[in-house]
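Biologist: Please take a close look at a single part of this model. I would like one connected account, with the values a computational chemist would ask for.

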Amino acid sequence: PSVPLTALCTDISTKMLLAGSKEGHIMRWSIDSFLEDPQNSKNQIKEELCWRAHSTEVVDLFHEEEKNVVVTASIDGSVRLWHAMNGYYLGYLGQPRKFELSDISRLILPCDVNNFPTIIKEESKHMEKTKKFEYPLMLDRDK
């Protein structure tokens, strides 16, 4: 659904756009093909991933490319780390344990978030349009 965006950032090469929303979501879009040739209608901005990062508004975010981490901040005062490619939660600033940035096999969530990341799959370009058939309702008294 359409919600106000409250924070934006791109990677250094401007291939990916990250946005934070008023409702605490992070969305990742692929923008490289669009920026290469915006006049070509086939080159579109494609949403690739969406996840709930906070239960309240995201006020800032940035992408750390070397570690492939997204850092988000919310009005609730929390700062959290996420894996940029799949939206997996890595931890929060101030946690007692060390960050395990290489171990993304465990899918955990912060205590105030209960939605797992959603990968947005591109619709198949080879799907045929379904033909519409009309089947009139007929009463069969024998049945």
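Modeller: Two strands count as paired here if DSSP finds at least two bridges between them. The model is a predicted one. With that in hand, take strand 3 and its neighbours.

Strand 3 spans residues 25-30. Six of its six residues are buried, so by the cut-off of under 20% relative accessible area the strand is mostly covered. Both of its faces are covered. His25, Met27 and Trp29 are buried on one side. Ile26, Arg28 and Ser30 are buried on the other.

Now the pairing. Strand 2, residues 16-21, runs antiparallel to strand 3, with five bridges between them. Met16 stands opposite Ser30 of strand 3. The two strands form a hairpin with three residues between them. In that hairpin Gly24 takes a positive phi, near 95°.

Strand 3 also pairs with strand 4, residues 46-52. That pairing is antiparallel too, and six bridges join the two strands. Here Trp29 stands opposite Glu47 of strand 4. Trp29 is also one of the buried residues of strand 3.

Strand 4 leads on to an annotated span. The unreviewed UniProt entry annotates residues 51-82 as "repeat: WD". In the model this span is 59% strand and 0% helix. Its end C-alpha atoms lie 10 Å apart.

Next, the rings. A pair of aromatic rings is described by the distance of the centres and the angle of the planes. Ring centres must lie within 6.5 Å to pair. By this rule there are two aromatic pairs. One joins Trp51 and Trp82: their ring centres are 6.0 Å apart and their planes meet at 45°, so the pair is tilted. Trp51 belongs to strand 4 and Trp82 to strand 7, residues 79-83, so this pair ties together parts that are 31 residues apart in sequence. Trp51 has 1% relative accessibility and counts as buried. Trp82 has a relative accessible area of 0% and is buried as well.

Trp82 also forms a tilted aromatic pair with Tyr89. Here the distance is 5.0 Å centre to centre, with 55° between the planes. Both Trp82 and Tyr89 are buried. Ring pairs thus link Trp51, Trp82 and Tyr89 into a cluster.

To retrace the path: strand 3 pairs with strand 2 and with strand 4. Strand 4 holds Trp51, and strand 7 holds Trp82. From Trp82, the ring pair with Tyr89 follows.

Notes:
Residues are numbered from 1 along each chain as its sequence is written. This is a predicted model: local features need pLDDT of at least 70, side-chain atom pairs count only at pLDDT 80 or more; totals for chains, interfaces and linings use all residues. Side-chain values use heavy atoms; hydrogens and water are left out. Buried means under 20% relative accessible area, exposed over 50%, partly exposed in between (1.4 Å probe, protein chains only). Helices (H or I, at least four residues) and strands (E, at least two) are DSSP runs, numbered from the N terminus. UniProt positions are given in the numbering used here, feature names are shortened, and annotations may be inferred rather than shown by experiment. Rings of Phe, Tyr and Trp (its six-membered ring) pair if their centres lie within 6.5 Å; planes under 30 degrees apart count as stacked, over 60 as edge-to-face and the rest as tilted.
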